[in-house]
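Me: I would like to talk through the internal cavities of this protein. Please look at the sequence and structure first.

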Amino acid sequence: ISYKAFDTEIKGGRQRIKIDNDRFIGNVGWRQMEQTFDSVLVTNTSVENLTLKAGYIGRAQNIFSIQDDIEMPFFNINYKIQDFASITAYGLWLADYQALAKSTQTLGLAVTGSTKINKNLKLHYRAEYSYQSGYSKNPNSFDLSRYHLMAGASLVGVTFKAAVEELGASGTNSFQTPLGTNHAFQGWADLFLTTPQGGIRDVQAILSGKVIGTKLMFVYHNFQSVTNSIDYGNEYDFLITKKFGKHYSLLAKYAFYDAYENNGYAKFNKDVHKFWLQANVSF
């Protein structure tokens, strides 16, 4: 059920929620079964260039169609400064009643932008910091940080980005994003959907563009731990998409995780190959 008036929308029920880049709250849309939320979401745009979102999630239905017994109030405030910058502040208070150790409070600030320099050149950037600690009945006490830095440029249809994202660790706890679209981060092979106990530092290079109507993307990842300087491995991701007329498209996607065999972690010291082929019809 939704109602909209006076630049405000109130939406309640089981729904898809996507906040910012889906890092903390997302629908995990790549999966066959999307993640949805039993929730209330309020969005207000009364002030020009300012978007206020506040919500309450009372339960999540995950990608396995299993209901997670959680509660989470959250807010997201975004202010746009023309095409130069977008400033976002956010907070999430997750109480997980099935796994108390997953209950966390997270606060963050992000500054992003894609600025057009001239007809052919556009610059991209992201600077984000998040802080996470125990919440509700979490038996553990910790203070963890996360940062994400990215810089890039688009020139004559080709985009290159270099980035680093680090999710911190204390030795016993690590920074987690359990309700995000995590497939889009830390490699498509999905080795790091849950942050390892030693944390993770992901150094990335992204190259994308279009050739003869075909979209191409290549992503490189180098994975290391935050504590103990352990090398997990490298990953190479490839994506090709092609549209045929107005109604048809094909997608091919490949992920190769090249493990450092001597890293000491059974989950991360074996190579992984994943391949997807997808056909779409829209009408």
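Reply: A word on terms before the cavities: strands here are DSSP runs of E with at least two residues, numbered from the N terminus. Please note also that the model is predicted.

Me: Understood. Which strands each supply at least two residues of the lining of the largest cavity?

Reply: They are strand 6 (70–81), strand 7 (85–96) and strand 9 (121–134). Of these, strand 6 gives the most, with three residues.

Me: How many residues line the largest cavity, and which lie nearest its centre?

Reply: The lining comprises 14 residues, and those nearest the centre are I19, D20, F24, N76 and Y90.

Me: And what is the volume of the largest cavity?

Reply: Its volume is about 110 Å³.

Me: How do the residues of its lining divide into nonpolar, polar and charged?

Reply: Seven are nonpolar, two are polar and five are charged.

Me: Stepping back, how many cavities of 30 Å³ or more does a search of the whole structure find?

Reply: The search finds three. The second largest has a volume of about 80 Å³.

Me: Which residues line the second largest cavity?

Reply: The lining consists of F24, M72, L92, L94, T104, T106, Q132, Q176, T177, P178 and L179. F24 is also among the residues nearest the centre of the largest cavity.

Me: Which strands each supply at least two residues there?

Reply: Strand 7 and strand 8 (104–116) do so.

Me: What about charged residues in that second lining?

Reply: There are no charged residues; the lining of the second largest cavity divides into six nonpolar and five polar residues.

Definitions and conventions:
Residues numbered from 1 in each chain as written. Predicted model: local features only at pLDDT ≥ 70, side-chain atom pairs only at ≥ 80, totals over all residues. Heavy atoms only, no water. 1 Å grid on protein atoms, 1.4 Å probe; cavity = no way out; pocket = protein on both sides within 12 Å on 5 of 7 lines; lining within 4 Å. Points joined across faces, edges and corners; volume = space filled by probe spheres on them. Helix = DSSP H or I, 4+ residues; strand = E, 2+ residues; numbered from the N terminus. Nonpolar A, V, L, I, M, F, W, Y, C, P; charged D, E, K, R; others polar.
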